[in-house]
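Open your viewer and get ready to make a few selections. We will take the stops one at a time, with a short look around at each.

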Amino acid sequence: MSSSCTNAPDNQIHTSQIARGRRPLQLGSLITVRSSFRINNAITVIAARCLICSYFITHVYEQYEAYAIMATPNMREKTAKFPDHYNAAPFPWLSLLVLLPCAILAGVGVRVRITAMLLMAEITRGTIALIWQQMSVYVVYKLQPDELAMKRLAMFGCSALMLAHSAQSPPRGNSYAGALQQSSLPKFVKSAALLAARLLVASFVLWSGAPQILRIMVHNWAVVFRHPYHEGHSIKHDGHDNNWLLAEFALGLPFALGFKTSVVTRLMIATLLLEAVTCWQFWRQWPTWQYTAHVRSHFATNLGVSGGLLLLQCCGAGKFTLDQALKKQE
């Protein structure tokens, strides 16, 4: 009796699968599939966190680089003579002692909830300062936010995703499963967080792609255009003028609406990584260390946003998507 009761669920699955003309799925195969899914999910989450944290590590490196260069005798002399043009960079104590360890620990999965909160606090401070700076520049000089500023706003959403993913520890034995999906937060709150992250990333790709369309129009619709000043110039290629932006622009609207979210997200990850590798090669020789830092910032921000999209892939797009609306109508 006990044996038949124990095997009842397996017998029901076996009977239903035979009735449908399918091969019965053995319990061992089911366990293997679930274990493989957990391992793949774990690797994806680790990769996503490492990409996001690489942005913060690069940020710390840039602060120390600026301090080291401005502390040289030559730059100190220039700073003393032209204080309006050169600003002395302070030693980044807080970044080296707090931000860098938090980024490393969060990347490897140690105390992610605490370290992600500290990283989120830092990027929130930076985002508020960035918004204020961009508003001041627009009021005084009528200049709109540039591409890098919009990328950093997208990084704010990606960092929020990392914090939300670690909001609640997953069940024991499934240490890297989708914590955002399994958390006790209301579905509305989780979906709203995912929607906010999607809209921040979408606003960045739409904002960056529109100027590229205008550049092509100015070049008489030449998709590949070589600037005249590139000949014999130290800057051989302007990374801002790249056609990966067109692909990202095309993906921006369906991504914001949540249409075919899984496929669109994967394509956007691929384009961001390809843009970083082909257009923002900071390891090349650039005319000034400031421009090298600028190129490196673009490279690191592309990696960070790609990590946020990977994390979004693990969490799901939430209920505020066009995909969910179309499912309800079926």
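This tour visits three helix pairs and then one residue in a loop. Keep in mind that the model is predicted.

**Stop one: H5 and H6**

Select residues 93–108 for helix H5 and residues 112–141 for helix H6. Their axes lie 9 Å apart, and the two helices pack at an angle of about 135 degrees. That angle makes H5 oblique to H6, and the crossing is left-handed. To see where they meet, show the side chains of Leu99, Cys102, Ala103, Leu105 and Ala106 on H5, then Val112, Thr115, Leu118, Leu119 and Glu122 on H6. Colour this contact by class and you should find 8 nonpolar, 1 polar and 1 charged residues.

**Stop two: H7 and H9**

Now select helix H7, residues 147–165, together with helix H9, residues 187–218. Here the packing angle is about 165 degrees, with the axes 8 Å apart. H7 is therefore roughly antiparallel to H9, since angles over 145 degrees count that way. Turn the view to look at the crossing, which is left-handed. On the H7 side, the residues in contact include Met150, Leu153, Phe156 and Leu161. From H9, look for Leu200, Val201, Phe204 and Trp207, among others. By class, the contact between H7 and H9 has 12 nonpolar, 3 polar and 2 charged residues.

**Stop three: H11 and H12**

Next, pick out helix H11 at residues 261–279 and helix H12 at 289–315. Their axes come within 9 Å and cross at roughly 165 degrees, which means that H11 runs roughly antiparallel to H12. H11 passes H12 in a left-handed crossing. Among the contact residues to display are Met268, Ile269, Leu272 and Leu273 of H11, and Phe299, Leu303, Leu309 and Leu310 of H12. Charged residues join in too, with Arg266 and Glu275 on H11. The full contact divides into 11 nonpolar, 5 polar and 2 charged residues.

**Last stop: Thr321**

Follow the chain onward from H12 and stop at Thr321, in the loop between H12 and helix H13 (322–329). Is Thr321 buried or exposed? Its relative accessibility is 8%, so Thr321 counts as buried, the cut-off being under 20%. Show its neighbours: leaving aside residues up to four places away in sequence, Thr321 touches Arg198, Leu257 and Gly258. Finally, draw a distance from the side chain of Thr321 to the backbone nitrogen of Gln324: a polar atom of that side chain lies 3.2 Å from the nitrogen.

Note on methods:
Residues are numbered from 1 along each chain as its sequence is written. This is a predicted model: local features need pLDDT of at least 70, side-chain atom pairs count only at pLDDT 80 or more; totals for chains, interfaces and linings use all residues. Side-chain values use heavy atoms; hydrogens and water are left out. Axes are lines fitted to C-alpha atoms, for helices over the stretch in contact, and angles run from 0 to 180 degrees between N-to-C directions. Helices (H or I, at least four residues) and strands (E, at least two) are DSSP runs, numbered from the N terminus. Angles under 35 degrees count as roughly parallel, over 145 as roughly antiparallel, 65 to 115 as roughly perpendicular and the rest as oblique. A crossing is left-handed if the near helix is turned anticlockwise from the far one by less than a right angle, and right-handed if clockwise. Contact means heavy atoms within 4.5 Å. Buried means under 20% relative accessible area, exposed over 50%, partly exposed in between (1.4 Å probe, protein chains only). A polar contact is a pair of N or O atoms within 3.5 Å; within protein, one must be able to donate a hydrogen and the other to accept it, and residues adjacent in sequence count only if both atoms are side-chain atoms.
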